[in-house]
Amino acid sequence: VGPYNQARANDVGRDFRRVMQNETFVQLHPQLELDSRTTSMDYLETTKGGKMSFVGVGAGATGKRAHVFVVDDPFKDMEEADSELMRKKVDDWFMSVAYTRMLPGGGIIILHTRWHEDDLIGRRLAAAKLGGDQWMSYKFPLVATQDEYKADGTLRRKKDQSLHPERFPEEMCRKMKDTYYASKQGRIWSALYQQ
């Protein structure tokens, strides 16, 4: 797992450890027992030999290999994503650390707020167009921009419907969007909520 810095990676590791020790998680996944000998914030191991490392952008992962490498929020905020130097730094780290750690048949998941078209996701999609690795792209806008259908053809949600109406009722979404655009901050609404 690779967030924007090592301190954040440690937080994610600590949180992940708490989840795995939660009574409900243990009941649902009794085969995923943590090895009590691994207690660091940036590394977990199960009693069956499963391993998970948490490294931040810019940190190394020498000697570590991955079946799945998750890059989660490599940019701390909009200001960092707007920096050409930071976008290059993140991409250089990805290509020299994350990409090189993959085991045969492994995969990479990248998720982050799309602050800039030339961000890590944008660069991967651009490379795919030039013949590089192919990526599947998923977007989950808070407010549907068109009618959305399930694979079987049934309606998932209608245009303008909220993705999570219990947490974000449609009226609240409309007011939030109007507030961002009235403040000339439509880019923030688009990046944080609409992807």
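Leaving aside its neighbours within four places in sequence, with which residues is tryptophan 189 in contact? In this predicted model, the partners of tryptophan 189 are Leu142, Val143, Cys173, Met176, Lys177, Tyr180, Tyr181 and Gln194.

**Tryptophan 189 and its setting**

Tryptophan 189 is placed in helix 7. Is this residue buried or exposed? Tryptophan 189 counts as buried because its relative accessibility is 3%, while the limit for a buried residue is under 20%. Histidine 112 stands 77 residues away from tryptophan 189 in sequence, and the C-alpha atoms of the two are 14 Å apart in space.

**The protein as a whole**

The secondary structure of the protein consists of seven helices and six strands. Followed along the sequence, these elements give the pattern α-α-β-β-β-α-α-β-α-β-β-α-α. Among the contacts with a separation of 6 or more, 55% are between residues 24 or more positions apart. Some overall values for the protein are set out below.

| Property of the protein | Value |
|---|---|
| Span of the C-alpha trace along the principal axes | about 55 × 45 × 35 Å |
| Share of the 195 residues that count as buried | 34% |
| Exposed area | about 12,700 Å² |
| Share of the exposed area supplied by carbon and sulfur atoms | 53% |
| Distance between the mean positions of the positive and negative charges | 1 Å |

The charges behind the last value number 30 positive and 28 negative.

**The nonpolar cores**

The largest nonpolar core has 22 residues, of which Phe69, Val71, Trp93, Phe94, Ile108, Ile110 and Leu120 touch the most other members. Which elements give two or more residues to this core? They are strand 3 (66–72), helix 4 (84–98), strand 4 (102–111), helix 5 (120–129) and helix 7 (186–194). Helix 4 provides the largest share, five residues. Helix 7, one of these contributors, is also the element that holds tryptophan 189.

Another core, of seven residues, lies apart from the largest one; its members include Ala9, Val12, Met20 and Phe54.

Leucine 120 offers a closer view of the largest core, being one of the residues that touch the most other members. Not counting residues up to four places away in sequence, leucine 120 touches Val71, Pro74, Phe75, Val90, Asp91, Phe94, Ile110 and His112. Of these partners, Val71, Phe94 and Ile110 are themselves named among the residues that touch the most other members of the core. His112, another partner of leucine 120, is the histidine whose C-alpha atom is 14 Å from that of tryptophan 189.

How values were computed. Residues numbered from 1 in each chain as written. Predicted model: local features only at pLDDT ≥ 70, side-chain atom pairs only at ≥ 80, totals over all residues. Heavy atoms only, no water. Core = buried A, V, L, I, M, F, W, Y, C linked by side-chain atoms within 4.5 Å. Buried < 20%, exposed > 50% of the residue type's maximum accessible area, 1.4 Å probe, protein only. Helix = DSSP H or I, 4+ residues; strand = E, 2+ residues; numbered from the N terminus. Contact = heavy atoms within 4.5 Å. Areas by Shrake-Rupley, 256 points an atom, 1.4 Å probe, with all protein chains shown as cover. Lys, Arg positive; Asp, Glu negative; His and termini not counted. Charge placed at Lys NZ, Arg CZ, Asp CG, Glu CD.
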